[in-house]
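Let's take a walk through this one, going from whole chains down to single residues and back out to where the chains meet. Keep the viewer open as you read.

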Amino acid sequence: MTTIASNIPSLYDTLPAQFSTLTAGAQWPEARKEAFDRFQALGGFPTVKVEDWKYTNVIPFFRSLQTLQLPAPIAITEAQLEATGLLLPDVYRIVLLNGELQPQLSELPPAKQATVLKMSEAAAEPAFTAHFNNSQKLAEHHFAQLNTAFFTNGLFIEAKAKAQVEKPLHIIHLYHNTSSLLVNPRHLWVAQEGASIQIIESAAGLDGSGTMVVNSVVEAVTTERSQMSHYQLQTGGGQLRFINQTLVQQRGKSLYNNYTFTLSESELVRNNLNISLDDERTETHLFGFYIATGNQLVDNHTSVDHRMPNCESNELYRGVLMDKATGVFNGKIYVHEDAQKTNAFQQNNNLVISPEANIYTKPQLEIFADDVKCSHGTTIGQVSEEALFYLKARGIGDAMARSMLVKAFAFDITAQVKIPAVRKQVEQLATRYLSAAVNN
Amino acid sequence: MSAEQDILQELAGRDYEFGFETDIEMDIAPPGLNEDIIRFISAKKNEPEWLLEWRLKGFQLFQKLAMPTWQNFKLPEVDFQSVSYYAAPKNKVKYESLDEVDPELLRTFEKLGIPLEEQKMLSGVAVDAVFDSVSVATTFKKQLNELGIIFCSFTEAVQEHPELLRKYLGTVVPQSDNIYAALNCAVFSDGSFVYIPKGVRCPMELSTYFRINAKNTGQFERTLIVADEGSYVSYLEGCTAPMRDENQLHAAVVELIAMDNAEIKYSTVQNWYPGDADGKGGIYNFVTKRGICKGKNSKISWTQVETGSAITWKYPGVILQGDNSIGEFYSVAVTSKRQVADTGTKMVHIGKNTRSRIISKGISAIHGQNTYRGLVKVGPNATNARNFTQCDSLLIGDRCGAHTFPYIESKNNTAMVEHEATTSKIGEDQVFYLNQRGIDSEQAVNMIVNGYAKEVLNQLPMEFAVEAQKLLSITLEGSVG
């Protein structure tokens, strides 16, 4: 393992001291200690020498950080929430500030459908004790270990057995900082037997000073015959950087849908999405769409671990790269010896608009079972001159034609969104970014 | 104090262990790897000073470089000190007649349709005086000489064409490329050197096969092929027959250089001993192969059929430096029993309008593990680069594995890169269909596999293609039913 301790002297060297002060008296001391040791054993922050971080150098983003100490909470007004432009109609709105639930701004679903609690108050819940810090994949991720060691708070959500949670839960993550900060929110979401739940996440940064790295972990569990749809709308302003770990464990006959849309101005977005298919006859759909502009680096690492027979997974990621942006995609499908009759599909398409944009993509298959159907494909290309000519020949101007083609490429993915309001918001955001590019 | 004195005394009195007397008359160097051995090899081959320096630099790098850890298999430990790095080339006679040879081996020869005399040679039986492969080789040599084509062993090239060698040696695969390439630089025994002059189209398929028959070149081969402007050459390496070989580690280096409008076609059929059913004793085939399309409109094409070796670990690549140059890679890799293959290609697009095409067909059976690992890299100046990659895996049996690690890096927005991969098994319905028509299951599988690999096999020169088809069937024997 590669150590880069010396690369971030200001932060890495202070971690042991911060660990002892910040987590003194905190809940789950053993888990924290173990995770912190593991983080150090893994070599601290990963460098580009670590295969999973080959194209994403996080070191510069951590160099300016000093602390993990959250600032004093501030009061948030309804007007401030409006101003984020993220509000959605017909949802249970749940507002978090730096990972801390804000009850006065939130509307929770009825208790018989779902339990929503702060993580710090959920320790006694049976679903919490059964699933918290339980994902085997946690140990592989440097940042997930860091999160376990330092996490402050987050949301525990449990969709009750056989409950159909009526409206989607819309979690608005607000972030506020007064100095350069590393924040570690932690969530655990469980869909009990036969339950069905939709969760939407959005993010926004409030005025503050310095930069902020959000290192979040979501552990999600779908038990027998349950359904979970998870929308990650990665919005948010320039001072935020995101490192997300989403670790999903699927039990028998459950369905998990993930929609990851990266439409932000943040310079670094790294998503680690791990799906572990722990039982038979599960179904998984992963859809991703990213637009990277400016100097942005958008990195999606997904892995689907087929452990049991008769499971189906389907993955489609698309990206548009502009300016000097960099896109990274690493999709891994792992089919274990026992996972016969697996059906796995993966595709990643990239549209590169600017001459200075970079794309690194690696669709990876590891297959140990023979009776499977697995395929993957990836493409890198640009707007087809032929298609452009076809449109122009019909009297459509160059800019308009280009914009139509880029949108057609992008909106294939947004068409998969099942909640109309979410689709509308995503398409509006996408249009805003895309029109800027096409008109150049 | 006195104890210390004693130790000093003892040390002073001892013979210098690390000294090495260069005995030119010796046929085999003692096992071990150090500077003296390298000096010994170099002196034995009567090499010029610069080549010795070059070897020593390779050795220094070998000591510095670390063993890779990224490969998708467990790297067996190789004791570099237990290997003898020089053995005088001579025909080893192991058996007096074919009756003493392992009947299993003979059965394979028969299936491949190898002539009796060649069978003897391959299995190490004393060869009749009638069969003189040297004379065959010399006839060809004369014909090539008339065209100005140089095709000789590396040792010969060192003596006769040092200026060419010095100009091109190590320019495609740098000495520091990887630890095995560095080792090869230090201790390479022999190999082939080919130079095709401007505008010449080589009239025949150049093959090491003939030359190897005349001379055993050993485990650290080095091949350098230079195709000057507007020339064409097709080079065949290896042989479909199972080679008897005592050396477990093979670390060869192959360098190809294509100038303006030149084309090099390099075909490999590799069928070294894969080890027994438990994977014991097979060959480790760790080869560094790379070509550079230096000139405009040049083309390099790699075709490989890999059926042998316990571990095959190589990535024949092409650096597409010249504008409009083309790189191709066609591969069939079969892993059966406990075999491992971690192979693929690197296509590095540097020049404008460069194109590359990758077709990889992996077949895994029984406990075989097959990995495709590839890199397609498009540099910022490689306008209109185009790549198409297809890598398919076929699984036969439920205890084998197929893995794909394609790296794609693009720094140019005019690049068009496509990659597709599939994994599947031989369908029961397909086999049933053939069974119904009176074809037994084993033959049915052979037909399906050959059809699956056809796209690659078609790239091979005709005689090779026929043998390679048979070879696939033999390698997969026992994997069905």
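Start with how chain A is carved up: its domain assignment gives domain 1 (5–279) and domain 2 (393–440), with bounds that come from an automatic or database domain assignment. Before going further, keep in mind that this is a predicted model, where local features need pLDDT of at least 70, side-chain atom pairs count only at pLDDT 80 or more, and totals for chains, interfaces and linings use all residues. As for labels, residues are numbered from 1 along each chain as its sequence is written, while chains are lettered from A and ligands numbered from 1 in the order in which they are written.

Back to those two domains of chain A. Their centres, taken over C-alpha atoms, are 30 Å apart. Where they touch, domain 1 of chain A puts in 13 residues and domain 2 of chain A puts in 10 residues; contact here is a matter of C-beta atoms, placed from the backbone, lying within 7 Å. On the domain 1 side, β8 (196–205), β10 (227–234) and β12 (255–262) of chain A each supply at least two residues, and β10(A) has the largest share with 3 residues. Helices (H or I, at least four residues) and strands (E, at least two) are DSSP runs, numbered from the N terminus. By class, that side of domain 1 of chain A splits into 9 nonpolar, 3 polar and 1 charged. For these classes, Ala, Val, Leu, Ile, Met, Phe, Trp, Tyr, Cys and Pro count as nonpolar, Asp, Glu, Lys and Arg as charged, and the others, Gly among them, as polar.

Now zoom out to chain A as a whole. You'll find 10 helices and 20 strands in it, and its C-alpha atoms fill a box of roughly 70 × 50 × 45 Å along the principal axes. Its radius of gyration is 21 Å, which agrees with the value near 22 Å for a compact globule of 440 residues; this radius is taken over C-alpha atoms, and the globule rule is 2.2 Å times the number of residues to the power 0.38. Among contacts in chain A with a separation of 6 or more, 85% join residues 24 or more positions apart. Buried residues make up 53% of the chain's 440 residues.

For a single example, go to F287(A), which sits in strand β14 (residues 283–292) of chain A. Is F287(A) buried or exposed? F287(A) is buried because 21 other C-beta atoms lie within 10 Å, and the cut-off is 20 or more such atoms, with C-beta atoms placed from the backbone. Beyond neighbours within four places in sequence, F287(A) contacts Y259(A), L316(A), I413(A) and Q416(A). V417(A) is 130 residues away from F287(A) in sequence, yet their C-alpha atoms are 9.0 Å apart.

Chain B is divided too, into domain 1 (98–431) and domain 2 (432–475). Here 27 residues of domain 1 of chain B are in contact with 25 residues of domain 2 of chain B. The domain 1 side has 12 nonpolar, 10 polar and 5 charged residues.

Finally, look at where the chains meet, with 33 residues from chain B and 32 residues from chain A in the contact. On chain B, β18 (386–396), β19 (401–410) and β20 (416–425) each supply at least two residues. Strand β19 (residues 358–367) of chain A runs antiparallel to β19(B), joined by 6 bridges; strands pair if DSSP finds at least two bridges between them. One spot to check is Y360(A), whose bridge partner in β19(B) is E409(B).

Terms used
Contact = placed C-beta atoms within 7 Å. Buried ≥ 20, exposed ≤ 12 C-beta atoms within 10 Å, placed from the backbone.
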